Amino acid sequence: MADKTAVMQESWPKVLEAVKKRRRFTWILLNQNANVLSYDGATLTLTWVNQNGMDNFVGSGSHSVLQEGLEEILGRPTAIESVVGDKPGSLTRLTSAVPAPQVQVSVAVAAPESSPQTAEQATSILHRVLGQTAFLMYEQGHGQGAALLADVERVELAPGNQFGDGQDAVLIAPPYLVPRFTAEVIAAIRPVLTHVAGRYGLEISGVSAAPALPEVGDDWRQILQERLAKGSVSNQASRTRAKEATPAFSREGFVFDSREEILVYEALKRAQADLPADSTISIFPLPMGRVGVGSTWTPDFLITVAGRVGIIEVDGPHHQKRFAADATRDRQWRNSGIVHIERILVEETSADADLDALVKQFLTRLNVFR
């Protein structure tokens with residue numbers, strides 16, 4: 001039996017490839033959670049790292065997919081037994097008749113019945129998936145994606161829009177952050193989140209971002225009418241009032257969209273402190289403005305000095321494919337009286353000395369271009 005087990009362990013990668021062609025979800029479950037424990041020529045016993053992985057395997061119909069893969073590689077039907085760790089008391093036997101498969105499930109040794117996953121447990125798993133995805137992206141050098149995920153309130157699962165067994169992961173974020181989840185950012189997040197979710201037996205086929213819904217009570221009409229009567233709130237106020245905005249990115253009452261914006265803000269404050277009190281600068285983070293063509297835009301920073309106005313934008317990687325749109329926007333800002341527009345790349349925010357030099361350059365141009 002030992003020799004047959006060794007042969008099966010050598011053949012296992014081929015079996016997994018055969019499974020992957022049939023159903024990716026089953027392949028993820030097996031690849032991340034199961035190993036060959038023994039094989040006697042007729043029955044394969046798998047050892048699972050946890051009960052949840054084995055339950056997903058049993059409950060999702062994945063055993064029949066594995067049996068097909070085994071038959072393709074071995075050339076004969078094979079029964080499958082699953083065990084958590086190496087404890088026989090958790091043994092679950094899966095057998096099938098040949099040639100028409102018919103699954104029967106029996107417990108070899110009595111074990112406590114596993115209860116269905118509660119909503120609280122599912123939420124906890126998704127919260128962990130979100131956190132581990134954010135940390136992995138940070139460790140892989142994708143700071144922008146990690147920073148955005150840090151402000152995501154929760155992850156919800158929705159039926160996938162693609163063919164297959166997967167679900168879509170919907171990132172629930174404060175409304176003002178949703179536009180930051182561009183196609184490029186989502187494309188960077190998707191493979192990492194899919195991998196992490198697969199470690200928990202979840203198959204994710206798509207990723208998207210959606211705004212968190214406001215909390216309302218029975219008196220929502222009265223509250224809304226009062227706010228409408230007072231006029232539209234500022235962009236900063238809308239951020240601060242959002243339920244989700246106990247924000248990770250905030251300084252002195254201002255709410256920012258990223259850590260890089262905070263670094264630029266600190267550099268501007270250093271420049272402000274070095275200037276004489278009677279000719280210093282004013283700093284307006286993320287103010288909302290309406291330009292002459294009727295568009296409403298939010299620059300990252302609006303700076304005033306000596307009667308002149310300039311804008312600083314902190315550009316992430318997604319701006320590389322938005323050059324034309326950014327150029328059009330910059331032209332409209334200039335037509336509206338903005339003297340100078342400085343675009344700082346996120347890569348340029350890692351060192352305070354570099355940022356201070358860029359801010360000094362910006363202020364010099366703001367005063368010189370007359």
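Here are some notes on this predicted model, point by point.

1. Overall make-up. The chain runs to 370 residues, and 41% of them are buried. Its secondary structure comes to twelve helices and 16 strands. As for how the chain folds back on itself, take the contacts between residues at least 6 apart in sequence: 57% of these join residues at least 24 apart.

2. The main core. The largest nonpolar core holds 29 residues. Inside it, the residues with the most contacts are Leu149, Val152, Leu171, Phe181, Ile189, Leu193 and Val207. Have a look at which elements feed it: H5, H6, strand E7 (167–173), helix H7 (183–198) and strand E8 (204–211) each give at least two residues. H7 has the largest share, with seven residues.

3. Phe181 close up. If you want one residue to click on in that core, I'd pick phenylalanine 181, which is among those with the most contacts there. Leaving aside residues up to four places away in sequence, Phe181 touches Leu148, Val152, Leu171, Ala173, Ile186, Ile189 and Ala209.

4. The other core. There is also a second, separate core, this one of 24 residues. Ile262, Val305, Ile312 and Val359 are among its members.

5. H5 against H6. Two packed helices are described by the angle between their axes and the distance between the axes. For helix H5 (residues 119–139) and helix H6 (residues 143–150), the axes come within 7 Å and cross at roughly 155°. Angles over 145 degrees count as roughly antiparallel, so H5 is roughly antiparallel to H6. The crossing of H5 past H6 is left-handed. On the H5 side the contact uses Leu130, Thr133, Ala134, Met137 and Tyr138, while H6 brings Gly145, Ala146 and Leu149. Sorted by class, the contact of H5 with H6 has six nonpolar and two polar residues, with no charged ones. Leu149 turns up here and is also listed among the residues with the most contacts inside the largest core.

6. H2 against H4. What angle do helix H2 (residues 24–33) and helix H4 (residues 62–74) pack at? About 85°, with their axes 10 Å apart. Since 65 to 115 degrees counts as roughly perpendicular, H2 is roughly perpendicular to H4. Phe25, Thr26, Leu29 and Leu30 from H2 meet Ser62, Val65 and Leu66 from H4. That contact of H2 with H4 divides into five nonpolar and two polar residues, and again no charged ones.

7. Two positive phi values to check. Most residues other than glycine have a negative phi. Leucine 286 has a positive one, near 50°, and alanine 306 also has a positive phi near 50°. Leucine 286 sits in the loop between strand E11 (282–285) and strand E12 (289–290). Alanine 306 is in the loop between strand E14 (301–305) and strand E15 (308–315). Are they buried or exposed? Leucine 286 has 0% relative accessibility, so it counts as buried. Alanine 306 has a relative accessible area of 62%, so it counts as exposed.

8. Alanine 357. This residue belongs to helix H12 (residues 352–368). With a relative accessible area of 47%, alanine 357 is partly exposed. Its C-alpha is 10.0 Å from that of alanine 271, and the two residues are 86 apart in sequence.

Note on methods: Residues numbered from 1 in each chain as written. Predicted model: local features only at pLDDT ≥ 70, side-chain atom pairs only at ≥ 80, totals over all residues. Heavy atoms only, no water. Axes fitted to C-alpha atoms, helices over the stretch in contact; angles between N-to-C directions. Helix = DSSP H or I, 4+ residues; strand = E, 2+ residues; numbered from the N terminus. Parallel < 35°, antiparallel > 145°, perpendicular 65-115°, else oblique. Left-handed = near helix turned anticlockwise from the far one by under 90°. Contact = heavy atoms within 4.5 Å. Nonpolar A, V, L, I, M, F, W, Y, C, P; charged D, E, K, R; others polar. Buried < 20%, exposed > 50% of the residue type's maximum accessible area, 1.4 Å probe, protein only. Core = buried A, V, L, I, M, F, W, Y, C linked by side-chain atoms within 4.5 Å.
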